[in-house]
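Biologist: Please show me the model, and then we can go through its pocket, sheets and ring pairs by question and answer.

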Amino acid sequence: VAVTADPGTLGAGTYSGRIVVSEEVTIPVTMAISSVPQGILLSQTGLTFTTVAGGVERNCLAAFAPPGGFSIGALDGDWNPDIRGVKPPTVREILVTLNRIIVGGLFDTVSIGTMRLNLAAFNPAGLGRSAVVDSQWNPELSPDSEVFALASDGGNLYVGGSFSQLNGGQKQRKNLAAIPLTSLTGEVDADWNPRVGGNSNA
């Protein structure tokens, strides 16, 4: 496959783009580029895939080596977050931090059976690492939730979507919440509560 813009010219961060399958078919993707080590993560935005690179199993999210020119590098054979769900699972947003890859969307299990409701954190890809989910970091969104947007100002992770509760029902948040990046467990900021009326998509 080819990428419509060369991620090798971009800094670390999250970008929207397309994978060109043919002249008639393009797939919208989220590209998250990490800097240490540099690589590229692909998720079909709002869609689901189960295989990549000619039939290798990857559910909703895959990591590739740093691209060269306009081509994606080789599939990372070790890093497999295995995103699954009772409903068709999807990854809508990826946020790369210094020590985590945070994934939001619609899913209920990751890493071969670990329960995470629509928001999870993994170790970075590369250097032969498998996709180990952060065992402590679990914001515990409400079961009826879905995450549409992730952002960071360097101090907080902002989560937007359709939800009413986090931290196992202990924190009431209407569709938008802040989680300090220093939080080891995913504890919501106790003071920041904007109470958004509709779904938060950006």
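Modeller: First a definition: on a 1 Å grid over the protein atoms alone, a pocket is an open set of points with protein on both sides within 12 Å along at least five of seven lines, and lining residues have an atom within 4 Å of a point. A volume is the space filled by probe spheres set on the points, which are joined across faces, edges and corners. This is a predicted model, where local features need pLDDT of at least 70 and side-chain atom pairs count only at pLDDT 80 or more, while totals for chains, interfaces and linings use all residues. Residues are numbered from 1 along each chain as its sequence is written, and side-chain values use heavy atoms, with hydrogens and water left out.

Biologist: What volume does the second largest pocket have?

Modeller: Its lining is made of 13 residues, with Lys-87, Leu-106, Asp-108, Asn-118 and Pro-143 nearest the centre. The computed volume of the second largest pocket is about 150 Å³.

Biologist: How many residues of each class line the second largest pocket?

Modeller: Ala, Val, Leu, Ile, Met, Phe, Trp, Tyr, Cys and Pro count as nonpolar, Asp, Glu, Lys and Arg as charged, and the others, Gly among them, as polar. By that scheme the lining has three polar, three charged and seven nonpolar residues.

Biologist: Which strands are the edge strands of the open sheet E8-E9-E12?

Modeller: Strands are DSSP runs (E, at least two residues) numbered from the N terminus, and two of them pair if DSSP finds at least two bridges between them. The pairing in this three-stranded sheet is antiparallel. Two strands pair on one side only, and these are E8 (90–96) and E12 (119–122).

Biologist: Which residue is the bridge partner of Val-91 in E9?

Modeller: Strand E9 covers residues 101–106 and is joined to E8 by six antiparallel bridges. On its other pairing, E9 meets E12 over four bridges, with Gly-104 opposite Leu-119. For Val-91, the partner in E9 is Gly-105.

Biologist: How many residues of E9 are buried?

Modeller: Buried means under 20% relative accessible area, exposed over 50%, and partly exposed in between, with a 1.4 Å probe and protein chains only. E9 is mostly covered, and the count of buried residues is six of its six.

Biologist: Why does one side of E13 and of E17 lack a neighbour in the sheet?

Modeller: Another open sheet has the order E13-E14-E17, also with antiparallel pairing. Strand E14 (residues 156–162) pairs with E17 over five bridges, and Asn-156 has Pro-180 as its bridge partner in E17. One side is left free because E13 (146–152) and E17 (176–180) stand at the edges, each with a single partner strand.

Biologist: What is the angle between the planes of Trp-79 and Phe-122?

Modeller: Rings of Phe, Tyr and Trp (its six-membered ring) pair if their centres lie within 6.5 Å, and planes under 30 degrees apart count as stacked, over 60 as edge-to-face and the rest as tilted. The whole structure holds two such pairs. Trp-79 and Phe-122 form an edge-to-face pair, 6.0 Å centre to centre, with the planes at 70°.

Biologist: Is Trp-79 buried or exposed?

Modeller: Trp-79 sits in the loop between E7 (62–64) and E8, 43 residues from Phe-122 in E12. Phe-122 has a relative accessible area of 1% and is buried. Trp-79, at 0%, also counts as buried.

Note on methods:
1 Å grid on protein atoms, 1.4 Å probe; cavity = no way out; pocket = protein on both sides within 12 Å on 5 of 7 lines; lining within 4 Å.
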